[in-house]
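Work through two exercises on contact surfaces. Try each task before reading its solution.

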4 protein chains.
Amino acid sequence: MSREGDWTTALAAPPAGEARGTLIAAYRAVRGFSERICRPLEIEDHVVQSIPEVSPPKWHLAHVTWFFETFVLAPLAPDHRPFRPAYAQLFNSYYETVGSFWPRPRRGLLSRPTVAEILRYRAHVDAAMTALLAQAPAAAWPEIAFRTVLGLHHEQQHQELLLTDIKHNLGIHPLRPAYRDDLAPPPAVAPASMDWIDHPGGLVEIGHGGAGFAYDNETPRHRVWLAPFRIASRPVTCGEYLAFVEDGGYRDPRWWLADAWVRVRDEGWRHPLHWHRGPEGWEVYTLGGVRPLAADEPVAHLSFYEADAYARWAGARLPTEAEWEVVARETAPEGNFVEDDHLHPVPVAEGAGVRGIWGQVWEWTASPYRPYPGFRPLAGSLGEYNAKFMANQMVCRGGSCLTSRTHVRATYRNFFYGHDRWQMTGMRLAADP
Amino acid sequence: MSREGDWTTALAAPPAGEARGTLIAAYRAVRGFSERICRPLEIEDHVVQSIPEVSPPKWHLAHVTWFFETFVLAPLAPDHRPFRPAYAQLFNSYYETVGSFWPRPRRGLLSRPTVAEILRYRAHVDAAMTALLAQAPAAAWPEIAFRTVLGLHHEQQHQELLLTDIKHNLGIHPLRPAYRDDLAPPPAVAPASMDWIDHPGGLVEIGHGGAGFAYDNETPRHRVWLAPFRIASRPVTCGEYLAFVEDGGYRDPRWWLADAWVRVRDEGWRHPLHWHRGPEGWEVYTLGGVRPLAADEPVAHLSFYEADAYARWAGARLPTEAEWEVVARETAPEGNFVEDDHLHPVPVAEGAGVRGIWGQVWEWTASPYRPYPGFRPLAGSLGEYNAKFMANQMVCRGGSCLTSRTHVRATYRNFFYGHDRWQMTGMRLAADP
Amino acid sequence: MSREGDWTTALAAPPAGEARGTLIAAYRAVRGFSERICRPLEIEDHVVQSIPEVSPPKWHLAHVTWFFETFVLAPLAPDHRPFRPAYAQLFNSYYETVGSFWPRPRRGLLSRPTVAEILRYRAHVDAAMTALLAQAPAAAWPEIAFRTVLGLHHEQQHQELLLTDIKHNLGIHPLRPAYRDDLAPPPAVAPASMDWIDHPGGLVEIGHGGAGFAYDNETPRHRVWLAPFRIASRPVTCGEYLAFVEDGGYRDPRWWLADAWVRVRDEGWRHPLHWHRGPEGWEVYTLGGVRPLAADEPVAHLSFYEADAYARWAGARLPTEAEWEVVARETAPEGNFVEDDHLHPVPVAEGAGVRGIWGQVWEWTASPYRPYPGFRPLAGSLGEYNAKFMANQMVCRGGSCLTSRTHVRATYRNFFYGHDRWQMTGMRLAADP
Amino acid sequence: MSREGDWTTALAAPPAGEARGTLIAAYRAVRGFSERICRPLEIEDHVVQSIPEVSPPKWHLAHVTWFFETFVLAPLAPDHRPFRPAYAQLFNSYYETVGSFWPRPRRGLLSRPTVAEILRYRAHVDAAMTALLAQAPAAAWPEIAFRTVLGLHHEQQHQELLLTDIKHNLGIHPLRPAYRDDLAPPPAVAPASMDWIDHPGGLVEIGHGGAGFAYDNETPRHRVWLAPFRIASRPVTCGEYLAFVEDGGYRDPRWWLADAWVRVRDEGWRHPLHWHRGPEGWEVYTLGGVRPLAADEPVAHLSFYEADAYARWAGARLPTEAEWEVVARETAPEGNFVEDDHLHPVPVAEGAGVRGIWGQVWEWTASPYRPYPGFRPLAGSLGEYNAKFMANQMVCRGGSCLTSRTHVRATYRNFFYGHDRWQMTGMRLAADP
């Protein structure tokens with residue numbers, strides 16, 4: 001997909017030919033990438049839902065399309081008629097104010113519409129969207145452009161979910177089939193050592209306040225007082241985490257929060273998700289199939305509970321999201337993203353300062369996902385996008401090897417429940433000086 | 001499929017050319033029918049499992065093949081090697097003594113092997129089976145023939161399950177898509193009136209004792225004392241059952257067994273499965289799509305609990321399996337079977353005596369599924385086929401519009417839990433004189 | 001309690017002074033025994049409900065009283081007013097046609113009314129009942145007498161439940177406190193050897209047909225054909241059952257019905273309920289506290305599933321209820337009953353013929369609990385007493401060491417689910433000749 | 001109980017006679033109050049556990065005693081022997097590092113030890129504790145005093161739980177019996193109007209930093225930046241909350257967090273816990289029995305989810321815990337506490353400034369319960385007291401009408417899950433200026 005176009009600021013531009021062209025190109029690039037993700041799949045792979053958190057790939061392909069139809073075409077395209085009225089129910093994810101929806105845990109029970117039909121649905125909506133973007137009158141442009149950009153970011157989020165859901169669906173299979181066998185190999189690098197970087201703290205500002213696109217949950221920009229802290233120069237690696245596993249970390253309640261310990265016991269956790277003890281040692285299931293555990297790779301598929309327990313065992317803690325943000329924004333947003341086509345963490349190369357903070361793995365923070373001071377959700381149904389999830393979840397930062405490079409920012413807040421492990425989530429240590 | 005060939009007695013014959021040819025022809029016919037059932041399906045339809053009782057169609061296609069591989073080829077075909085060793089776990093249904101198996105409620109979580117791969121598996125096993133049947137030495141023939149015939153009956157059972165499972169999978173879909181739109185239309189007949197047929201009872205023999213094939217659970221033939229009884233001339237119709245529904249039958253605990261009433265309340269039963277109250281009246285979902293309720297059709301998709309409640313409301317009862325058997329064996333085994341391609345009950349035509357007792361709907365009896373006096377299960381793992389289910393289930397008799405005509409007998413015992421409703425199960429009344 | 005009075009036939013007698021006196025005496029004896037059972041309890045012991053099947057002892061004391069109030073006093077005693085109207089809901093067990101009731105699994109959540117209040121309730125109803133029995137006019141007597149006798153049998157059933165429920169409540173306690181420490185010690189006897197007794201079978205009659213009291217589920221008397229069979233001379237002992245346990249019986253699916261095996265695995269069964277492996281060997285929790293396992297005692301607290309599995313392992317089977325009945329009615333109904341105050345099975349003494357078939361342990365039969373041919377439940381709400389439970393349960397016969405001697409008959413049918421283990425249930429083997 | 005004694009600072013004092021005397025007096029007062037709370041109960045009321053969150057009153061009485069035995073006597077009293085070794089398992093609440101414990105949801109299944117036995121246990125420990133406090137050598141005093149004070153605060157927490165648990169146990173009873181009928185009546189006051197109080201925000205310090213007792217979770221004192229905010233002059237009243245109920249607030253997903261809406265639907269919430277719609281209007285169940293809803297009382301028994309939804313409906317929000325703390329510490333800690341013996345919120349009297357912020361109801365804040373920057377839990381097993389619960393819960397502040405006046409502070413952090421409703425929890429609005 002296009003990596004250079006700064007389409008996320010198209011919404012601020014007047015609807016001159018250039019802005020229209022940028023957004024149409026971005027629309028095509030993002031939409032096309034969703035289909036490219038699914039191309040290695042068998043038809044059968046599009047249907048299953050291995051746990052309630054996962055959605056069938058064909059559902060993702062349809063839902064992101066429903067998003068454009070519902071929030072752009074229906075209100076803003078004259079004469080638009082829905083492709084199939086029943087899709088309003090089938091592909092609404094959770095927008096209570098839009099109408100009823102098929103229950104999430106039962107998405108994998110629906111064989112219809114077929115993948116072919118969903119691709120027709122996509123083509124139909126794509127034609128209507130590109131026509132709208134090309135012809136929208138100037139007065140309607142700001143709203144159309146904003147909602148289109150929102151829809152593209154939304155689709156990028158689902159692209160990452162597509163990959164983690166495909167991985168989970170195939171990963172629970174006793175044969176653990178590979179999703180692809182042509183992934184880019186990890187680079188040969190001198191792996192980074194683990195250092196502490198000191199930060200003086202003080203009165204800082206975090207959150208989004210500029211002109212480009214951001215989700216409502218990143219706003220408003222606001223002041224936060226930070227005590228001095230230290231942060232690790234790179235993410236925790238598989239080798240480091242293995243030491244915790246082999247020290248009996250999963251059998252010792254001292255390291256675990258009370259709610260975490262219930263999960264460890266009731267679900268029999270003994271190591272991160274997608275790890276297996278093979279006859280010749282530890283193995284990791286990746287989108288490229290099963291591989292021996294690589295000690296220098298950032299550890300992934302940790303829940304917050306596991307990240308928190310590891311940090312306690314290591315005599316450290318997780319960074320808050322404010323600490324993370326003031327550190328990360330000093331570094332260029334370069335890293336192992338989905339465009340690099342590893343689809344798996346790779347060793348962080350040695351170097352000075354903070355490294356591997358972009359891409360690789362979403363880094364769990366110590367911060368619950370709550371509204372920023374003065375937060376206002378988007379108006380109308382789009383206010384349900386982020387705001388209603390601001391309870392019981394924890395913030396992750398920085399994107400992963402499954403995230404689009406154009407998707408994340410230093411202010412970007414991702415969030416999952418403390419027990420969620422099927423995402424590309426890892427960790428970086430922090431500490432008090 | 002072939003309707004005439006009496007392949008079920010092939011096992012008794014010497015392995016002359018004719019017996020071999022009959023069995024090979026039967027093998028091809030039965031195996032081919034499974035694939036014909038799945039032909040109208042989309043690939044996606046092969047994958048889903050709407051409730052734990054249902055299996056994905058592709059699982060059925062593979063499991064019946066695994067049965068031949070495990071119980072015929074593996075022990076009896078020299079040099080047989082399994083198509084894929086992992087299938088031993090994936091497609092073992094419940095044979096504890098054969099090895100571990102993937103849990104039944106999670107069959108719908110596996111996208112692999114694909115439908116195409118399973119068809120290759122079928123072709124591989126079919127080639128090995130036909131070669132074995134053509135070349136088996138005389139000494140091995142009786143065991144090979146018996147196990148092959150058992151495997152074909154087993155596959156016929158799964159053909160009926162394929163159809164009821166497909167119906168359930170599509171029937172829970174909010175759009176209720178049709179499985180086929182070219183089903184044979186119901187015949188134009190004068191619908192049968194409901195009469196009572198008297199039977200004197202006495203000391204009778206039931207169960208299988210002859211030469212042809214029967215499952216172990218139909219044996220041994222044994223004596224039973226029957227008091228005089230009456231039995232209805234035809235099954236209960238939708239129109240009759242509707243009167244129960246409209247009389248508030250589902251809201252009145254007087255008609256229901258205690259365990260049944262718990263289901264009615266907890267699962268919100270208000271009418272048979274696959275009935276819906278449409279804007280213009282009652283509708284029934286069929287394999288041909290949604291149709292208005294037809295009053296003269298035998299009612300289907302009743303649980304035992306509903307059949308028992310209706311009978312109580314009607315001042316009658318269900319027949320025991322012995323009563324059913326002594327009545328049914330006096331009538332020719334003709335009726336609405338799967339070969340008639342209605343795939344739905346049709347009105348029973350007026351006439352003398354007992355009618356509609358074969359095909360149409362499996363008729364719930366008042367009899368728990370328990371071993372006959374002197375019962376011995378088959379030796380070895382095949383003893384798990386029937387015997388271990390002899391608790392907590394009720395016997396159904398007579399076959400249905402989804403059963404192969406060559407599959408049932410007067411002594412045939414089908415069985416389901418009292419709450420099961422997704423099968424083509426209906427009822428016939430009985431009474432004390 | 002009175003052991004001699006044949007009050008169960010009082011209902012047939014005219015309301016002469018003698019019949020009235022017999023029934024009043026029986027009423028007092030039975031009612032008094034319930035309170036005597038609870039006397040060793042602490043107040044706290046009256047409140048708890050360790051599993052949904054168990055009821056708090058104070059609930060039993062109140063419910064049996066509600067039964068007399070609802071089914072005798074309310075309809076038949078002029079001017080009767082309920083002690084507390086709210087008790088109609090609190091102490092109705094399951095009579096849907098009488099009114100709503102507090103859910104069974106939540107009986108242990110109610111601290112009120114207190115034990116003292118319930119004893120006042122009992123005294124109030126006892127005064128009204130004895131007045132009614134003394135003064136009822138002749139025309140009303142048959143109905144009053146019948147319902148009173150029914151209420152006494154009902155209370156006797158709950159006396160056994162009181163003891164098994166107390167045992168379960170105390171038995172799950174980590175300290176396993178004794179209910180009483182003054183139980184009658186087991187007699188010193190030469191333990192019976194295990195012999196097979198042959199029975200010729202044939203056309204027999206079973207069920208209740210005489211003049212005395214019987215529950216509706218024992219009627220009508222009817223003919224059954226029996227094949228020749230053998231039955232064990234005494235119940236299976238703890239020592240015999242231990243051999244099954246130590247042979248790995250609970251780890252081998254071959255012996256178990258499919259539904260049973262699910263229980264064994266999901267609930268971790270490894271031995272009968274109330275057995276424990278102590279530091280010095282196997283122990284059994286009894287109402288008198290923990291004791292070493294006594295090899296010669298009949299084994300108790302087996303589910304049907306365990307009895308069925310043991311029989312299969314032993315190369316035998318369970319008797320049908322008809323087989324049991326024709327054997328048992330040839331022996332005098334003497335045995336180890338609640339009046340003997342062992343409250344635990346004791347070794348069966350050596351001797352000729354069938355022994356230990358009365359009292360000791362309820363013997364699981366191979367027969368599902370279903371209506372006899374021609375069965376009619378009692379009219380009105382009392383029809384809910386037995387009939388609605390005629391599905392999914394298995395018949396037990398013969399009474400136990402917790403049953404009143406005046407309570408059982410050769411035709412008596414007790415019934416529990418196949419997985420129920422908290423009752424005083426054991427087994428006797430049968431076989432085909 | 002003693003209201004004046006400043007025993008919470010006894011730990012800082014040298015073990016002079018005065019400090020010893022103060023602490024012994026405090027010990028006796030606090031311990032005595034637990035027993036006084038239980039005095040109106042029937043024995044039966046001590047046993048039940050209506051939901052897993054609730055503990056039986058007798059368990060509370062024993063557990064707080066176990067706390068002194070385990071954390072003071074066992075390590076610090078020479079020659080101490082446990083009253084009953086089995087209590088270590090029965091009355092350990094959740095201290096994994098101390099040993100195994102009986103599962104919390106099953107506390108209501110244990111009838112033993114009896115209430116009388118637990119009172120003997122209390123007397124035994126009280127004798128040992130007062131002897132230790134009187135005789136401890138100076139070197140051991142700081143640790144003994146600290147742990148004793150901690151134990152007293154712990155017991156005060158359980159005193160509030162005793163009252164809320166008793167209320168829940170009695171409140172689910174269909175008869176809703178009163179706990180006491182002699183509660184202090186609400187004062188006759190002019191009810192406070194609702195005003196907004198402005199606060200300028202800025203860089204503030206919160207958390208405990210002084211000499212007196214505080215839990216570890218209140219430390220360390222640290223800086224927080226606050227934006228300017230407004231806070232309501234008094235808690236939300238029943239009358240105000242009723243307007244939300246009657247506006248359909250419980251049926252409109254717009255007001256609810258996603259996790260909250262699942263609770264509303266799945267548990268059928270329609271109003272706060274302990275409210276009922278009676279024939280003559282809204283009623284509230286109180287510890288004094290059922291009363292008509294009083295419009296001017298602070299609303300209680302709200303979950304965080306309900307408080308958050310109400311605030312959104314009202315166009316406001318909840319205060320953060322830092323906002324709450326900087327406001328509350330400016331007001332004297334006077335209010336409706338347990339010593340006032342209303343045991344229910346009473347109308348807040350009109351007046352200037354912030355009112356009703358102490359006592360009355362615990363006020364939900366917008367803040368997740370997480371460690372303060374630089375937090376260190378207590379060493380050893382006592383570190384499990386607070387720290388392991390720092391996930392998925394929300395902070396409440398200010399104490400309630402069931403809290404001891406000597407128990408709370410401006411820095412005090414209470415915490416419950418977002419769905420918890422059985423505590424005396426209410427709310428106060430905040431807003432951005």
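Two exercises follow, both on a predicted model.

**Exercise 1.** Describe the interface of chain C and chain B.

Solution.
- Step 1, extent. Chain C and chain B bury about 2500 Å² between them. Carbon and sulfur atoms give 55% of that area.
- Step 2, main contributors. C:Trp225, C:Arg370 and C:Asn392 supply 24% of the area that chain C buries against chain B. No other three residues give more.
- Step 3, residues in contact. Chain C and chain B bring 30 residues each.
- Step 4, polar links. The rule finds 0 salt bridges between chain C and chain B. Polar contacts join 12 residue pairs, both partners at pLDDT 80 or more.
- Step 5, elements. On chain C, strand 3 (222-226), helix 7 (258-266), helix 8 (304-313) and strand 8 (362-368) each supply at least two residues to the side that touches chain B. Helix 7 of chain C gives the most, with 4 residues.
- Step 6, classes. This side of chain C has 18 nonpolar, 3 polar and 9 charged residues.

**Exercise 2.** Describe how domain 1 and domain 2 of chain A meet.

Solution.
- Step 1, bounds. The assignment for chain A gives domain 1 (9-171) and domain 2 (196-431). Their C-alpha centres lie 27 Å apart.
- Step 2, contact. Domain 1 of chain A brings 32 residues and domain 2 of chain A brings 33 residues.
- Step 3, area. The two domains of chain A bury about 2900 Å² between them, 63% of it on carbon and sulfur atoms.
- Step 4, polar links. Between these domains of chain A there are 0 salt bridges, but 18 residue pairs in polar contact, both at pLDDT 80 or more.
- Step 5, elements. Helix 5 of chain A provides the largest share of the domain 1 side that touches domain 2, 19 residues.

Note on methods
Residues numbered from 1 in each chain as written. Chains lettered and ligands numbered in written order. Predicted model: local features only at pLDDT ≥ 70, side-chain atom pairs only at ≥ 80, totals over all residues. Heavy atoms only, no water. Contact = heavy atoms within 4.5 Å. Buried area = accessible area lost by both parts, 1.4 Å probe. Salt bridge = Lys/Arg side-chain N within 4 Å of Asp/Glu carboxyl O. Polar contact = N/O pair within 3.5 Å; in protein donor to acceptor, adjacent residues only side chain to side chain. Nonpolar A, V, L, I, M, F, W, Y, C, P; charged D, E, K, R; others polar. Domains from an automatic or database assignment.
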